[in-house]
Structures are given as C-alpha cells and as structure tokens.
There are 2 protein chains.
Amino acid sequence: MKFSKATNYALHTMLYLVAAPAGKSIGVRPLAEFQNVSPTYLSKILTQLVKAGLIASTPGVHGGYRLAKSKDAISFLDIIQAVEGTASLFECGPGHDAGFHEGCLIRSVMARAEDRMERYLQEQKLIDLVDRVDGHMLEFIRREAQ
Amino acid sequence: MKFSKATNYALHTMLYLVAAPAGKSIGVRPLAEFQNVSPTYLSKILTQLVKAGLIASTPGVHGGYRLAKSKDAISFLDIIQAVEGTASLFECGPGHDAGFHEGCLIRSVMARAEDRMERYLQEQKLIDLVDRVDGHMLEFIRREAQ
DNA sequence: ATAATCGTAGACAAATCGAATCTACAATTA
DNA sequence: TAATTGTAGATTCGATTTGTCTACGATTAT
Ligand code: SF4
Ligand code: SF4
C-alpha cells in the first residue's frame with residue numbers, strides 16, 4: 001500500500017509547472033532531467049494528466065506542457081486520481097455469500113477513512129504550494145526554466 | 001495503491017473473533033473457510049497479528065486464535081499496520097539534490113493526508129463493530145463458531 | 001508415553017503489478 | 001520540407017503479492 005512512483009513524478013512535475021513562468025510551455029526533457037527519470041516514461045504519465053484536463057500539451061518546436069487551469073483550481077487529489085485512478089482503496093471482494101454485506105461496518109469504516117484523506121487532498125490546491133513554498137526550491141526551478 | 005488482500009483477511013478474521021464467544025479459541029480452519037482462503041496462508045497473516053500483540057494463539061487440540069486485548073483497545077489502525085507495516089505511503093525518494101527538500105510542501109501535504117486517514121482508523125475500535133453490527137452477520141458467525 | 005491436533009516457519013512457485021525501454025507515428029513550427 | 005516535440009503501443013524487466021508445500025514444535029487427550 002504505497003503511492004506509485006508515477007504519482008511522485010506527477011506531483012513534482014506539477015510543482016515545476018507551478019513555479020515556471022505563467023503560460024510558458026516546458027518540454028518533457030527538463031522535467032524528466034529534474035527528476036532523474038526517462039523522458040518517454042514521464043511523458044506517458046503526463047499524458048494522463050492531459051487527459052484529466054489538468055495540463056495541456058503542444059507539439060512542435062516550442063511545445064511542451066503547461067497548466068490548463070488556474071492554480072487554485074487544481075487539487076492534489078486531482079493529480080493523484082489522474083494517475084492512480086479513482087477506485088476504492090479497500091477491495092472487499094466476494095469473500096462469502098451475499099446478504100452478509102448488509103450494513104457491514106468494515107466496509108463503511110474503510111470507506112470513511114479513505115474519504116478523510118481524500119477530502120484533505122481535495123482542499124490542498126497548487127496555489128498553496130506557490131504561496132508557501134521555500135524560496136530555494138522556486139529559484140532552482142526558475143533557473144532551470146530560464 | 002490498494003490495501004492488500006492480506007489486510008482484508010486480517011480485518012475479517014478480527015470481526016469473526018469479536019463476534020465469537022469471549023475467551024474461546026477459534027481454529028484457523030473455520031476462519032479460512034469463512035473467507036475462502038487457504039488455512040496455511042491465513043495462518044501466516046494471523047501470525048503477524050500475534051506478533052503485534054492483537055491476538056493470541058494456542059496449539060493443541062482445542063487451540064486456535066483469540067483476542068489478546070479488550071475490544072476497545074484494538075483499533076483498525078493496529079490491525080492494518082500489523083499487516084501493511086508502518087512505512088509512509090508517499091515515498092519521496094532521492095529524486096534530486098539535497099537542500100531542496102527543506103520545507104517541501106509536497107511532502108508535508110502528503111504526510112498530513114496520510115495522517116488524516118490514520119487518525120480516523122485509530123479512533124475506530126473493534127468494540128464499535130460489535131456494538132453496531134447488523135445482527136445477521138453476528139448470527140452467521142456465532143452459528144459457525146457454535 | 002504416544003498419538004492426534006493445531007499453530008509456526010521457511011523454502012518455493014505462481015501471478016500480478018509497477019516501472020521502464022524502445023520504436024514508430026502524428027502534430028506543429030521554422 | 002525538415003526539425004522538434006508529444007503520443008501510442010508493444011514489450012521487457014523486476015518487485016511485490018499471493019499462495020502452496022512440507023517439515024517442525026508445542027499442547028492436550030488417552
Ligand atoms: S463483510 Fe463487509 S468488508 Fe467483508 S466482503 Fe462483505 S461488505 Fe466487504
Ligand atoms: S521535493 Fe519534497 S516531495 Fe520531492 S523528494 Fe524533496 S522532500 Fe520529497
């Protein structure tokens with residue numbers, strides 16, 4: 001039970017895009033180098049974010065990725081679910097016969113626990129990052145992004 | 001990012017033990033049959049619960065497993081962590097150079113999100129199950145346990 | 001004691017999933 | 001037209017999860 005590395009890459013990429021000059025497209029190469037990951041693999045992950053409507057991509061010479069919505073409209077939960085999917089964390093498969101699951105408390109407790117985490121992640125927006133982030137990190141990213 | 005099946009088995013076993021007559025040891029066979037899982041595999045999972053001090057085991061003819069603590073002293077979190085471990089859900093491995101991680105907000109957001117879920121799971125005790133559980137389920141278990 | 005019962009441990013095998021690579025392709029711009 | 005850049009799919013690699021099998025140790029009934 002761990003968040004995948006893909007989620008890690010997605011979050012770091014979004015942080016990078018948040019810190020980059022608004023409207024500027026960033027190629028996958030600097031994004032990948034920044035995280036020591038292969039560009040093609042990162043591209044595959046970012047395509048999921050594109051399909052989720054969080055970022056936009058443009059091909060061509062000065063193409064790349066940029067945010068598709070305002071920084072206060074993109075939550076951590078959006079990013080994570082775009083990569084990990086929205087399925088329930090607790091799979092209560094058909095272990096025994098039906099009629100048994102009525103009012104089951106295991107399931108409701110697990111669902112609520114997951115909901116607690118998701119609600120918090122939904123409250124945390126990208127704008128919170130750029131507001132409170134340590135200057136050191138932003139400088140680094142901006143230098144890389146020119 | 002899903003809870004393992006082992007966690008599922010552990011939770012259902014604990015529910016069974018909660019519903020069983022107090023003090024009575026339940027063999028691994030009925031517990032395994034109840035969930036359609038192999039007895040030896042389930043035993044391996046339950047051994048983790050034993051080592052965590054949540055249940056106790058006794059060999060011999062009338063042996064089996066029973067709760068090792070009172071029902072209000074065992075939380076969902078105890079059970080889950082005994083099986084899944086206590087490592088952080090978000091692994092922010094060494095992606096880039098040091099000095100970068102100071103005051104990182106990705107990490108703190110993810111840690112807090114996890115904490116939200118864990119705190120809720122810690123509040124939910126086994127006693128809450130037996131208090132509010134649907135009678136249908138308890139009857140089934142009690143019938144099986146004689 | 002002895003034998004039956006039951007949990008424990010470890011080696012091992014199978015299946016699943018995550019991570020990553022490679023290659024060919026499509027879209028855009030200079 | 002050529003260079004650049006993202007996209008898509010097949011495929012490989014490795015780790016983890018899940019499960020089996022077998023031998024062992026502890027307890028109890030006879
Ligand atoms: S008893 Fe509850 S947790 Fe178990 S399978 Fe049924 S609904 Fe799911
Ligand atoms: S920047 Fe933050 S999330 Fe990324 S590796 Fe450093 S501490 Fe972890």
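Analyst: Let's open with a term: a polar contact is a pair of N or O atoms within 3.5 Å (inside protein, one must be able to donate a hydrogen and the other to accept it, and residues adjacent in sequence count only if both atoms are side-chain atoms). Some ground rules: this is a predicted model, where local features need pLDDT of at least 70 and side-chain atom pairs count only at pLDDT 80 or more, while totals for chains, interfaces and linings use all residues. Residues are numbered from 1 along each chain as its sequence is written, chains are lettered from A and ligands numbered from 1 in the order in which they are written, and side-chain values use heavy atoms, with hydrogens and water left out.

User: What makes Thr47(B) and DNA strand C a polar contact?

Analyst: An N or O atom in the side chain of Thr47(B) is 3.1 Å from a phosphate oxygen of DNA strand C. That is within the cut-off, so the pair counts. The side chain of Ser38(A) also has an N or O atom 3.2 Å from a phosphate oxygen of this strand. Gly60(B) uses a backbone N or O atom instead, 3.1 Å from a sugar or linking oxygen of DNA strand C.

User: How do you know which residues are near DNA strand C?

Analyst: A residue is near a strand if one of its heavy atoms lies within 4 Å of it. For DNA strand C, 27 residues surround it, and Lys5(A), Ser38(A), Ser57(B), Gly60(B) and Tyr65(B) are the closest. Sugar and phosphate make up 72% of the strand's atoms that come within 4 Å of the protein.

User: What makes residues of that surface near DNA strand C nonpolar, polar or charged?

Analyst: It's just a sorting by residue type: Ala, Val, Leu, Ile, Met, Phe, Trp, Tyr, Cys and Pro are nonpolar, Asp, Glu, Lys and Arg are charged, and the others, Gly among them, are polar. For DNA strand C that gives ten nonpolar, twelve polar and five charged. Around DNA strand D the split is ten nonpolar, twelve polar and five charged.

User: Which element gives the largest share of the surface near DNA strand C, and why is it called a helix?

Analyst: That's H3(B), with four residues. Helices are DSSP runs of H or I with at least four residues, strands are runs of E with at least two, and both are numbered from the N terminus. Near DNA strand D, the largest share, four residues, comes from H3(A).

User: Which polar contacts hold for DNA strand D?

Analyst: Among them, a polar side-chain atom of Arg29(A) is 2.9 Å from a phosphate oxygen, and so is an N or O atom in the side chain of Ser57(A), at 2.9 Å. Val28(A) reaches a phosphate oxygen through a backbone N or O atom at 3.1 Å.

User: Why is Ser75(A) called buried or exposed?

Analyst: Buried means under 20% relative accessible area, exposed over 50%, and partly exposed in between (1.4 Å probe, protein chains only). Ser75(A) has 1%, so it is buried. This residue sits in the loop between S2 and helix H4 (76–84) of chain A. Beyond residues up to four places away in sequence, Ser75(A) touches Leu121(A), Gln122(A), Gln124(A) and Lys125(A), where contact means heavy atoms within 4.5 Å.

User: And how do you classify Cys92(A) and Cys92(B)?

Analyst: Cys92(A) has 28%, so it falls in between and is partly exposed. Cys92(B), at 27%, is partly exposed too. A disulfide would need two cysteine sulfur atoms within 2.5 Å, and a search of the whole structure finds zero over all chains.

User: What about Ile106(A): buried or exposed?

Analyst: Its relative accessible area is 2%, so Ile106(A) is buried. Ile106(A) belongs to helix H5 (residues 105–123) of chain A. Apart from neighbours within four places in sequence, its contacts are Phe90(A), Leu11(B), His12(B), Leu15(B), Phe76(B) and Leu129(B).

User: What makes the phi of Asn36(A) stand out?

Analyst: Most residues other than glycine have a negative phi. Asn36(A) isn't glycine, yet its phi is near 55°, a positive value. Asn36(A) lies in the loop between H2 and H3 of chain A, and at 59% it counts as exposed. Asn36(B) also has a positive phi, about 55°, and is exposed at 58%.
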